[in-house]
Amino acid sequence: MEEKSLGQRAATIVLGPAGPVRVRTSMTLIPFVVFVLFAFVQHGEVMLGLIDLTESNWLTAFNLGGSAVFYLLVRSRLSERLSRDPFLTLPQILFPICSITWSYAITGPARGAVIAIMVVTIVFGMFALDPKMAPRLALLAFAALASVMAWRGATAPERYPPVVESVHALFAAIVMGATAVVVIRIGRLRARLAEQKRELADALALNQELATRDPLTGLLNRRAMAELLAREHARSVRGHGPLSVALLDIDWFKRVNDSLGHGAGDDVLRRFGTVVQSQLRIVDGLARWGGEEFLLVMPGTARDDALIVLERLRAAIARGGFDVIAPSLAITFSAGLVQLHSGESQDAAIDRADRALYQAKKAGRDRVEAA
């Protein structure tokens, strides 16, 4: 157990805390390890007389030093302040392009393998860079190699025969071009997958909205309100304050439908919900309970305070501007209000509110009855 703890601490020190930083830091260590392996291979070539020792040491210092700088920038999170891309993808591709070009210039007879390594460098960024960057990077890599080939063929023809360099240049052009095409296609596929992921997320959000919202008014639907009421009921039972519930019913709503049509009736329902919602706290919940009936849940609100809220709602509905739907149209509502009793179920409380609503309508409508 202690060894595991020490290992975790060491990983945190070297790679950073778990999460994106650790992922990025781990990725920067891959080129460092690769350059360490290159150093051993280059030393072997030095021993075989293929590379000059001094030139090899300078290249190794460049490779390991540059990789260490990238590691420190990412591990310290300084890269997050220097660039919108905290992984520094483009610089980490340009760096090995320079390194590989340098390696080609000093490797001599074994230089052909360097061209293949350049392909890995281009592919490295295909999952992070814009697909449009692929042909540019491939062209840059080819231009760098071709320039070195021309230079070495002119200055050291005994080690870099111009004919051989011409063949290498042709080979590099074919390989870089094919790599660019593959990377572009993969980039486009990645873009399509990202777009499909966004569309799926939007569809899931819409499904969630449809599952919890009344399609006409945009208020909570009956199912979502039942879940909200269950949560607030449980909170109230745990001592988080009183809980009041009110059933609101638009008075004479059938007359609106009969005289103005169902379209106007729908407009009344939407405006009613909007006006009532605008008067509530963010913690309150309002749902279309059915037809022209609405259920209001007021957490942390005692019955007397809830009565004040409902009277304020009656005043807001009275000046709610329903005459924009039809001239002289005025809307009122009746309400039944209850505060949940200790040990009372939410269904029993709603039944009491329903009975109180019945009493309000029986007493003449446009009023609130508390039970």
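**Asking how we know**

The chain has 13 helices and five strands, where helices (H or I, at least four residues) and strands (E, at least two) are DSSP runs, numbered from the N terminus. This is a predicted model, in which local features need pLDDT of at least 70, side-chain atom pairs count only at pLDDT 80 or more, and totals for chains, interfaces and linings use all residues. Residues are numbered from 1 along each chain as its sequence is written, and side-chain values use heavy atoms, leaving out hydrogens and water.

Me: What makes the chain more spread out than a compact globule?

Reply: Its radius of gyration is 37 Å, well over the 21 Å that the globule rule gives for 371 residues, so the chain is more spread out than a compact globule. The radius is taken over C-alpha atoms, and the rule is 2.2 Å times the number of residues to the power 0.38. Along its principal axes, the C-alpha trace spans about 110 × 55 × 25 Å.

Me: How do you know that S2 and S3 pair?

Reply: Two strands pair if DSSP finds at least two bridges between them. S2 and strand S3 (residues 293-299) have five bridges, so they pass, and they run in the antiparallel sense. Arginine 288 stands opposite phenylalanine 294 in S3.

Me: Why are S2 and S5 called edge strands?

Reply: Strand S2 (285-290) and strand S5 (368-370) each pair on one side only. You can see it in the order of the open sheet, which is S2-S3-S1-S4-S5, with mixed pairing. Helix H13 (residues 346-362) packs on this sheet and touches S1, S2, S3, S4 and S5; touching here means contact, with heavy atoms within 4.5 Å.

Me: Why is serine 328 called exposed?

Reply: Buried means under 20% relative accessible area, exposed over 50%, and partly exposed in between (1.4 Å probe, protein chains only). Serine 328 has 73%, so it counts as exposed. Serine 328 sits in the loop between helix H12 (303-318) and S4.

Me: And what makes tryptophan 252 partly exposed?

Reply: Its relative accessible area is 42%, which falls in between the two cut-offs, so tryptophan 252 is partly exposed. You'll find tryptophan 252 in the loop between S1 and helix H10 (253-260).

Me: What is the sign of phi in tryptophan 252, and in serine 328?

Reply: Most residues other than glycine have a negative phi. Tryptophan 252, though, has a positive value near 50 degrees, and serine 328 has a positive phi of about 65 degrees although it is not a glycine.

Note on methods. Axes fitted to C-alpha atoms, helices over the stretch in contact; angles between N-to-C directions.
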